Amino acid sequence: MTRKLEALKKMEIGERVAEEESDHLERYFVETDQWHQMIDGKIDVVYGPKGSGKSALYTLLNKKDGELFDRGVLLASAENVRGATVFRTIVADPPPSELSFVYLWKIYSLSIIAKALREYKVTNEYSHSLIGALEKVGLLPAADSLSVLFRAVTRYFRGWLERDTKAIEYALTIDSTTGTPTFTRKTEFSEKSEEQNLGDIPVEELFEVANQALDKEDLNVWLLFDRLDVAFADSLELERNALRALFRAYNDIKAYDRVRLKIFVRDDIWQRITSGGFTEASHITKAVHIRWNEESLLNLVMLRLLSNEALVEYTGINPEEIKADYAKQEELFYRLAPRQVDTGKNPDTFNWILSRTTDSSGNSVPREVIHLLEITKEIQIKKLERGSDEPVDDQLFDRSSFKEALPTVSKVRFEQTLLAEYPNMRDFLVKLNGEKAEQTLGTLSGIWGTAEEKTRTIAQRLTEIGFFEARGSKDEPSYWVPFIYRSALNIVQGKADAP
């Protein structure tokens, strides 16, 4: 086996999805200023495009539970790190309004706090009364599963909303003398509005008890909410109600200084749920937007490469010296890769990678960059195994391997991200197979068989989700397909001829 083939086979660049590389993430995670702000408790809300690294922050934060505990922080996830989403049970039968969703989030948050207090064995009069009261009304089942916990919360919540004069059930109350939570058996209920009915649930008082339980031990609790794009992907209306309610709950819960919600949400979803106005948005100040540029992405790639002992041995470099100097990182990248993929007046290789992996938003993100490099590596290994010429000098990758990797990345992005998230757009997207990269309203109307106004609406939606880049003027727009989706649909360069 040649030295190049051996180095390539031992090299790990990473997985597309952070949850799939959680065991290795700490080795090559880029500790940005955003990360330090997050772990220091200065950030509550993280916005970013899909694939930008929100889940990497979430995953690594979960792995730092021991370190955070030493700082007096109890970490509690509100969602499974991987697998089926906890919130799938409410998709078929959601709460009837945004207000009811606010209460659902608050009750669920209380249950998670009590679960954390129980697991971390926080014992004082406040924690004892909170845990005991929630257990007795079924809001804190013995099972550790978040799915079981959320089902218990939704069961209790629906029972409360649907109660009538014949109902006999246990209900949470606050003892007026001691101020501690307890439970009572209620048998009569008068007709009330939804707001009055929900107002009978003593959530604010219960949060005060939870806050006192934490304060007495000088502890804080962080509740982590991620994967919200997966949870409510099937319904834009449900997504809007659920996530607006979550941010309203977040703003209310800020009143309790020992409790913090940490929410990870995609840029496009945030824009969607706040369109038309959202007063609570102005109160969300402890937030950060994840943004990547050429330098930060190259730094991310090089830190991943430098975590491989086989590569360090192959190049004979001092990894710490390279990590400390961006110019040396760039120099090493072009020692391993050709200066250009397409020769002539074309971008250098890393900018070629960025241009081929970015959707119409223009936001470059780690996910597709990592995927392209991983597939390029696999293709290069196969070439060397079958006896093809080695790349020149110290290079591990040749130009053609980058080009051959792009169709795989395009197909995965198109099928596993775009179609998976927006299945209602499938018919319009697949009809573009084999068409030109630039279209007008007229040519799109011909392809889709739709009237111009309908065509404009569809094209606008495809622009919003990153498939089309809108060009031209408002009166005479054209729509351009970025490189990331072209291979998947056999789209060819050029502008479609007017009908």
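Visitor: What makes the largest set of 84 residues a nonpolar core?

Guide: The term requires buried Ala, Val, Leu, Ile, Met, Phe, Trp, Tyr and Cys residues joined through side-chain atoms within 4.5 Å; buried means under 20% relative accessible area, exposed over 50%, partly exposed in between (1.4 Å probe, protein chains only). The 84 residues are such a set, and those with the most contacts inside it are Leu 61, Phe 350, Ile 353, Trp 448, Leu 462, Phe 467 and Phe 468. Helix α19 gives the most to this core, with eight residues. A second, separate core of 69 residues includes Leu 130, Leu 149, Leu 206 and Ala 210.

Visitor: What do these values rest on?

Guide: This is a predicted model, in which local features need pLDDT of at least 70 and side-chain atom pairs count only at pLDDT 80 or more, while totals for chains, interfaces and linings use all residues. Residues are numbered from 1 along each chain as its sequence is written, and side-chain values use heavy atoms, with hydrogens and water left out.

Visitor: Which residues is Trp 448 said to be in contact with, beyond its neighbours within four places in sequence?

Guide: Contact means heavy atoms within 4.5 Å. On that basis Trp 448 is in contact with Phe 428, Lys 431, Leu 432, Thr 455, Ile 458, Ala 459, Leu 462 and Phe 468.

Visitor: Why are the buried residues of α1 placed on the same side?

Guide: In α1 (residues 3-10), a DSSP run of H or I with at least four residues, the buried residues are Lys 4, Leu 5, Ala 7 and Leu 8. They cover an arc of only 165 degrees around the axis, so they lie on the same side of α1; the arc is that of the directions from the helix axis to the C-beta atoms. Arg 3 and Lys 10, on the other side, are exposed. The cover over the buried residues includes α15 (309-315) and α19 (366-385).

Visitor: Why are β2 and β7 called the edges of the sheet?

Guide: The five strands form an open, parallel sheet in the order β2-β5-β6-β1-β7, and two strands pair if DSSP finds at least two bridges between them. β2 (73-77) and β7 (287-289) each have a single partner strand, so one side of each is left without a neighbour in the sheet.

Visitor: How do you know that β5 and β6 pair?

Guide: β5 (residues 220-225) and β6 (residues 259-266) share five bridges in the parallel sense, against the required two. Phe 225 stands opposite Ile 263 in β6.

Conventions. Helix = DSSP H or I, 4+ residues; strand = E, 2+ residues; numbered from the N terminus.
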